[in-house]
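Student: I would like a close look at one part of this model, with the neighbouring details added where they help.

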Amino acid sequence: MSIEVRDVPVPAVGSVLAVCDELGLTAEEVNRLGAVFGKSADYAGGAVSPLLCHMLDTAAVAELLFDDYLAPVQCDLLDSLSGGEGRRLLAWLCGVHDIGKATPAFQRIDGASLQTLRRAGLTWPASVTADTTRRWRHDTAGGKILHTLLPAAAWTSEHVDWVWPLAAGHHGTFPSSGAFVSRDALGKGHGHRSAVWESTQRQLLEVFTAALGYRDLQAVCPTAAPSRAQQLGLAGIVVMADWIASDETHFEGLGSLDAVSMAKSRTRARRSWEEQRLGGGWKRMSVPSDEEVWSHVEVNPPRASQAMVLRAAREMAAPGLMIFEAPMGEGKTKGGLGALEILAARWGASGAFIGMPTQATCDPMYSHQRRWMARFQSGSEKNAVLLHGKRAFNREWRALTSPTAADPDTQFRSVGSGQDPADGECRECHGPAQWLLGPKRGLLGHSVVGTIDQLLHAATRTRHVMLRALGLAGKVVLLDEVHAADVYMSQFLLEGLRWLGQARVPVILMSATLPPAQRQALASAYMAGALNDPTYTAELPEPAGYPCVTTACADNLRPTYRPYQATPWRHDVPVHIAHLPEPPFKKQAEDRHYEQPVEDLLSEKLADGGVALIIRNTVTRAQRTYRHLRQIYGLDVRILHGQLTTAERAERTETLLSQLGPSKNNRGRLILIATQVAEQSFDIDADLLITDIAPIDLLLQRIGRLHRHNETQRPAKLRDPQVFVTGYKNTTDKSGPRFEYASERYIYGRYPLLRTASLLRSDTQWDIPSCVPALVAEGYDQKYGTPWPEKTQKALEEWASDNRQRQDVADRYILTRRGEWSALTLAGLHYAATQTTDEEQISTLVRDGEESIEVILLRYDSNQYITLNDTRLGPNGAVGNDDQLDAVTGSSLRLPVKLTDHAIPLTPLPAWRSHPVVKYMRVIELSSNLTVQLGPYAITYDKELGLTASSNNGGEGRCDRGRQ
């Protein structure tokens with residue numbers, strides 16, 4: 001694949017003093033410009049930095065962003081806005097961000113500069129106080145100055161209106177124009193109104209503009225206006241350039257104006273850029289042939305569905321949405337990556353964001369992505385970013401980064417970017433650039449694998465959301481298992497798709513079990529953005545087959561849809577579906593009472609050996625089943641769920657994949673009890689499936705683990721795939737089935753379970769995979785009845801009411817408020833925004849507010865801290881080497897939600913305070929027998945069962961769901 005490197009000429013300009021002389025400024029006017037500071041000595045390496053210096057530094061960084069960071073599609077956008085002058089326009093937009101510092105409200109904050117300002121004639125009355133500074137922050141003041149000066153330079157209102165918010169929002173939130181219009185009406189101004197200050201502001205803007213090589217301010221006026229989503233990405237570039245140029249180690253203060261020039265700023269910016277290794281990305285690429293793509297994704301020969309998705313990517317008329325639906329085990333991942341590579345080359349993307357449903361599914365995808373990148377562009381894999389809350393525990397990630405570096409954000413303390421540390425990566429490492437790994441910057445990496453939360457974050461009305469928008473703007477977005485988003489999460493997903501559609505970002509959505517209504521909603525959201533029509537509803541053609549691809553794009557503002565279909569890789573397999581009744585509930589009953597039906601079934605089916613997979617909806621049920629069956633089958637029984645430590649879960653997963661993966665024969669007898677962790681992206685092959693009831697799409701996902709590989713040898717009794725569904729009781733009256741309490745009350749809701757139960761007719765047979773689309777449609781479409789119409793209708797009303805309440809909660813945080821999707825600019829975007837900035841809190845926002853806490857479990861014995869794998873730590877728990885760090889991080893787990901309130905007071909060990917990986921990790925100190933009391937709960941960690949938490953009142957509760 002060939003790479004084209006863009007060669008952009010750099011205009012030659014002289015020093016700032018020479019520019020002032022060309023513009024005819026008097027000595028007095030020049031002195032005033034030199035007196036206005038941008039960085040005080042405390043924030044500029046010991047010497048004050050004139051405001052013009054920081055503006056030119058930021059412009060110089062912006063030039064490098066254009067040359068060596070932005071995707072070709074982003075550069076093309078800037079060129080289209082400026083008659084081919086995109087690089088220079090970007091430098092100007094970034095450089096003017098701090099024009100609001102040329103106000104008394106800001107200049108008063110540095111006492112050391114007061115005498116210099118007064119000598120230059122820049123004064124203000126005593127009424128300008130700290131309260132004035134709070135009311136007139138320099139970002140808002142900058143918006144006001146541009147709002148005033150640009151029309152005076154013959155800018156049209158169309159362009160004034162989208163440009164001033166870029167300056168006004170560079171500290172992370174966009175005010176409305178009323179934020180300064182109303183203050184002017186009250187006589188507040190931006191600190192003080194005087195001819196001297198207004199002249200200085202105008203001359204500062206004129207000198208800066210001329211220093212970039214523009215004839216005058218009018219010459220800067222754009223020739224076109226970007227969409228609102230594109231404006232959000234441009235705002236992210238402004239913030240990024242400002243943060244980089246605020247690094248005092250590379251952009252120290254120059255003291256006076258006579259040392260300032262664009263040439264010097266370019267030298268400083270280039271040094272910073274190269275030392276921090278900020279460049280990268282895929283640049284402009286030629287479109288690869290099919291043969292090249294298959295070699296990159298390691299497919300030989302391709303399956304029909306994989307060839308179909310490549311064809312669809314080549315034929316898409318414009319950047320758009322691709323929905324790829326195929327059976328479990330069909331090879332969607334490799335087909336999706338191949339399509340991603342083609343779309344990136346066709347539409348000028350420089351990287352990818354691959355969103356996965358869980359942290360556990362991110363890690364193997366990250367390894368897969370790096371291998372893929374290395375094959376199609378050697379060296380690019382070192383810039384791949386893993387982005388989720390536990391990435392510091394991933395060995396591959398840690399091998400690319402160093403845990404010994406200082407906080408990246410200590411270099412950017414002057415810009416309000418937040419003081420939270422990154423993972424401790426260092427610039428000398430051979431992985432991604434350190435700067436890109438700080439808080440809020442994860443999506444700025446050149447290619448990223450992360451949880452879908454990262455995309456959902458970009459749809460929240462939170463501070464610095466523009467950085468997340470920038471991180472997506474130059475990429476192709478691929479989301480796997482999109483059916484897994486519930487009603488609440490879907491609100492953020494649909495909002496994200498609207499912004500991506502308007503930004504013309506290509507998106508690939510993949511699923512094996514996508515309900516038709518959800519497919520329609522996803523396409524409508526993307527196309528509403530692409531067509532700038534918030535009311536648009538996509539007229540999506542129904543897929544003609546399965547596997548299938550549906551593409552949707554706006555070709556010259558015309559909605560264009562194309563369906564594709566292919567022959568599945570595997571022929572239909574008849575799967576026998578039967579009901580395994582749930583025993584009646586009895587207080588104080590022994591495990592044997594509840595597990596007798598499962599025991600009897602296994603006794604019959606596994607008489608000659610075989611692999612049985614039992615999926616429970618809660619950890620408590622899984623542990624109960626394990627306790628009972630372990631007494632009968634001994635070491636043949638395994639358990640896997642979300643309340644195991646990181647190390648234990650990873651080790652068990654790896655062992656199970658090795659034992660139960662493709663082409664594994666002579667497997668003997670094995671019983672795996674799991675929760676929803678086995679529902680997706682878990683490539684094991686079971687001979688028999690016993691599962692709690694779940695919504696139909698999720699039930700089919702579970703069936704995807706059954707008879708997954710044709711070549712596996714199976715016992716005679718298990719040669720035909722069989723599924724036994726439990727977790728509910730059938731009744732003879734019209735009340736309908738009775739479901740296990742936690743499944744109905746806390747996890748799925750009664751209505752989706754009733755819909756599934758209506759499909760589980762006695763001794764039915766499903767032809768997998770061809771029947772999957774019809775089953776999913778019938779399981780979600782209200783036009784299909786059930787045997788219990790009255791009870792179903794009541795359950796539907798309750799379910800719909802609950803969904804509306806959840807949507808209303810989501811609306812509080814959605815990026816665009818209701819009724820404002822037609823807005824043309826970013827003004828007022830953050831009105832009534834949440835003040836949440838912490839990544840964990842934002843994750844809670846987009847996942848229905850179920851906050852849980854990550855902890856480290858340590859044993860305290862004989863005055864020494866010991867990890868759960870018996871590694872002894874240093875004095876007071878000090879972590880001194882990689883083996884100790886691996887042992888500590890491997891002892892982490894996420895607590896059930898019911899323990900959150902009781903775990904909040906927990907703290908890290910004092911010896912961890914300066915450690916970049918674990919300094920914020922809470923610790924639970926277990927006794928020598930691995931128990932502790934946490935509030936009303938008795939906590940025990942059993943190396944077989946995992947974590948258990950019991951209280952006097954018992955019950956499972958919402959926290960006990962197995963999808964952790």
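Student: Is N863 buried or exposed, and what is its relative accessibility?

Tutor: This is a predicted model. In it, N863 counts as exposed, because its relative accessibility is 70% and the cut-off for exposed is over 50%. The residue belongs to the loop between β22 (854–861) and β23 (864–867). Its backbone deserves a remark: phi is positive, about 60°, although N863 is not a glycine.

L930 also has a positive phi without being a glycine, here near 65°. L930 sits in the loop between β25 (922–926) and β26. With a relative accessible area of 11%, L930 is buried.

The strand that follows this loop, β26, belongs to an open sheet of three strands, ordered β26-β27-β28 and paired in the antiparallel sense. β26 (931–934) and β28 (946–950) are the edge strands; each has a single partner, so one side of each lacks a neighbour in the sheet. From one strand to the next the twist averages 25°. Five bridges connect β27 (residues 937–942) with β28. In that pairing, T940 has T948 of β28 as its bridge partner.

Other loops hold cis peptide bonds. One joins N300 and P301, with omega about -5°; P301 is in the loop between α15 (290–297) and α16 (304–315). Another runs from Y546 to P547, with omega near 10°, and P547 is placed in the loop between α23 (516–530) and β11 (548–555).

A further loop residue is Q218, between α12 and α13 (228–245). Q218 counts as partly exposed, because its relative accessibility is 45%. Leaving aside residues up to four places away in sequence, Q218 touches A153, A154 and W155. The C-alpha atoms of Q218 and A152 are 9.0 Å apart, although 66 residues separate the two in sequence.

The helix before that loop, α12 (residues 195–211), has an axis that comes within 10 Å of the axis of α5 (residues 86–95), and the two cross at roughly 150°. That angle makes α5 roughly antiparallel to α12, because angles over 145 degrees count that way. The crossing is right-handed. On the α5 side the contact uses A91, W92 and G95, and on the α12 side L205, F208 and T209. By type, the contact residues are four nonpolar, two polar and no charged.

Definitions and conventions:
Residues are numbered from 1 along each chain as its sequence is written. This is a predicted model: local features need pLDDT of at least 70, side-chain atom pairs count only at pLDDT 80 or more; totals for chains, interfaces and linings use all residues. Side-chain values use heavy atoms; hydrogens and water are left out. Axes are lines fitted to C-alpha atoms, for helices over the stretch in contact, and angles run from 0 to 180 degrees between N-to-C directions. Helices (H or I, at least four residues) and strands (E, at least two) are DSSP runs, numbered from the N terminus. Angles under 35 degrees count as roughly parallel, over 145 as roughly antiparallel, 65 to 115 as roughly perpendicular and the rest as oblique. A crossing is left-handed if the near helix is turned anticlockwise from the far one by less than a right angle, and right-handed if clockwise. Contact means heavy atoms within 4.5 Å. Ala, Val, Leu, Ile, Met, Phe, Trp, Tyr, Cys and Pro count as nonpolar, Asp, Glu, Lys and Arg as charged, and the others, Gly among them, as polar. Two strands pair if DSSP finds at least two bridges between them. Buried means under 20% relative accessible area, exposed over 50%, partly exposed in between (1.4 Å probe, protein chains only).
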